[in-house]
Amino acid sequence: CAGCGETAFTVLYQRGGDLHAEEAFVATTDAFSGYGRVVTCTTCGLVRLSPRQKWSFLEKAYADSEDPLYLEEYDGRLATSRSLLKLCEKHVHPGRMLDLGCGPGIFLDAAKGRNWETHGVEPSRWSVREAHRRGHGTVLEGTFERTNYPDGHFDLVTLNDVIEHLNDPHSLFKEVRRILKPGGVVMIYTPDIDAKVARIMGKWWWGLRPAHLYYFSERTLTALLKGEGMRVVHSSHHGRTFTFGYWITRMRGYAPPLVEAASWLATKTRIGKIPLPLNTFDSIVMLAVKP
């Protein structure tokens with residue numbers, strides 16, 4: 001267990017599938033089944049995928065991944081990014097920020113518009129090209145552990161739907177703490193395995209994906225942050241904005257014929273393009289401060 005080192009676990013959910021399928025490693029996917037065996041640590045309660053893919057495979061998969069459909073929901077993703085930044089700015093003034101796993105740079109677009117000096121790290125070559133093309137020249141290609149930012153360099157570090165994909169949460173937060181200024185903030189946005197909707201849906205919850213190595217709750221994420229000397233200052237469930245058509249297509253894995261009919265109707269009547277802010281109360285946003 002990355003949380004406490006315990007080896008004992010109990011099986012929470014299991015659905016067989018190909019953990020090496022390429023479609024599992026892009027954000028715009030409705031491949032929510034076949035996520036393997038999800039287990040809970042018997043000591044600290046951190047939930048993880050076990051067994052899982054080798055990290056060398058995952059690094060290559062993310063480096064090679066391309067997701068042009070991601071930008072089709074630009075307006076909604078930008079609106080979500082702005083709302084998350086407003087939360088951050090209640091605890092830290094705009095300064096120098098780093099977005100880990102920044103993709104093609106939509107969160108950085110929102111931050112630039114709010115007077116932040118923006119930086120990013122992203123493993124996908126395609127995403128880095130897109131970010132550079134759109135004016136984010138400070139985005140580095142690769143993984144966070146291979147960067148070498150100075151101590152106390154950033155006012156804000158953000159991880160949007162990223163931490164659940166990473167190999168070693170403890171090392172991540174240790175490094176994040178090092179590069180944050182005193183009083184700096186880290187923001188984590190991730191699926192909440194302990195949310196009411198997640199518990200009700202059980203093994204059918206849409207947050208269960210083969211690309212997710214860890215599943216966090218408010219309790220386990222707080223414990224990891226406190227273990228690295230961070231002070232949690234905010235925790236809540238936060239919604240997202242997508243078009244009506246996009247929300248419909250995310251349900252394809254549950255009822256394909258019904259979703260196909262609804263998608264056809266949404267396209268024909270143009271209601272599919274209407275932006276729809278929606279909070280399913282199973283994505284947690286947590287902010288922590290470096291003392």
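Let me start with the disulfides: this predicted model holds zero of them. A disulfide is a covalent bond between the sulfur atoms of two cysteines. The cut-off used here for the sulfur pair is within 2.5 Å.

Take cysteine 1. Its closest cysteine sulfur is the one in cysteine 44, at 3.5 Å, and that is too far for a bond. So no disulfide is assigned to that pair, given the 2.5 Å cut-off.

Next, cysteine 102. Which cysteine sulfur is closest to the sulfur of cysteine 102? The one in cysteine 88, at 15 Å, which is again too far for a bond. As for its surroundings, cysteine 102 counts as buried because its relative accessibility is 5%, and the limit for buried is under 20%.

Now the strands, beginning with E2, residues 36–41. Is E2 largely enclosed or not, and why? Five of its six residues are buried, so the rest of the structure largely encloses the strand.

E2 has pairing partners on record in this model. Strand E1, residues 9–15, runs antiparallel to E2, and six bridges join the two. One of the pairings puts arginine 15 opposite glycine 36 of E2, its bridge partner.

Strand E3, residues 47–49, is also antiparallel to E2, with three bridges between them. Here valine 39 has arginine 48, in E3, as its bridge partner.

E2 and E3 together form a hairpin, with five residues between the strands. In that turn, glycine 45 has a positive phi of about 85 degrees.

To close on the cysteines: the count of disulfides in the structure is zero.

Notes:
Residues numbered from 1 in each chain as written. Predicted model: local features only at pLDDT ≥ 70, side-chain atom pairs only at ≥ 80, totals over all residues. Heavy atoms only, no water. Buried < 20%, exposed > 50% of the residue type's maximum accessible area, 1.4 Å probe, protein only. Helix = DSSP H or I, 4+ residues; strand = E, 2+ residues; numbered from the N terminus. Pairing = 2+ DSSP bridges.
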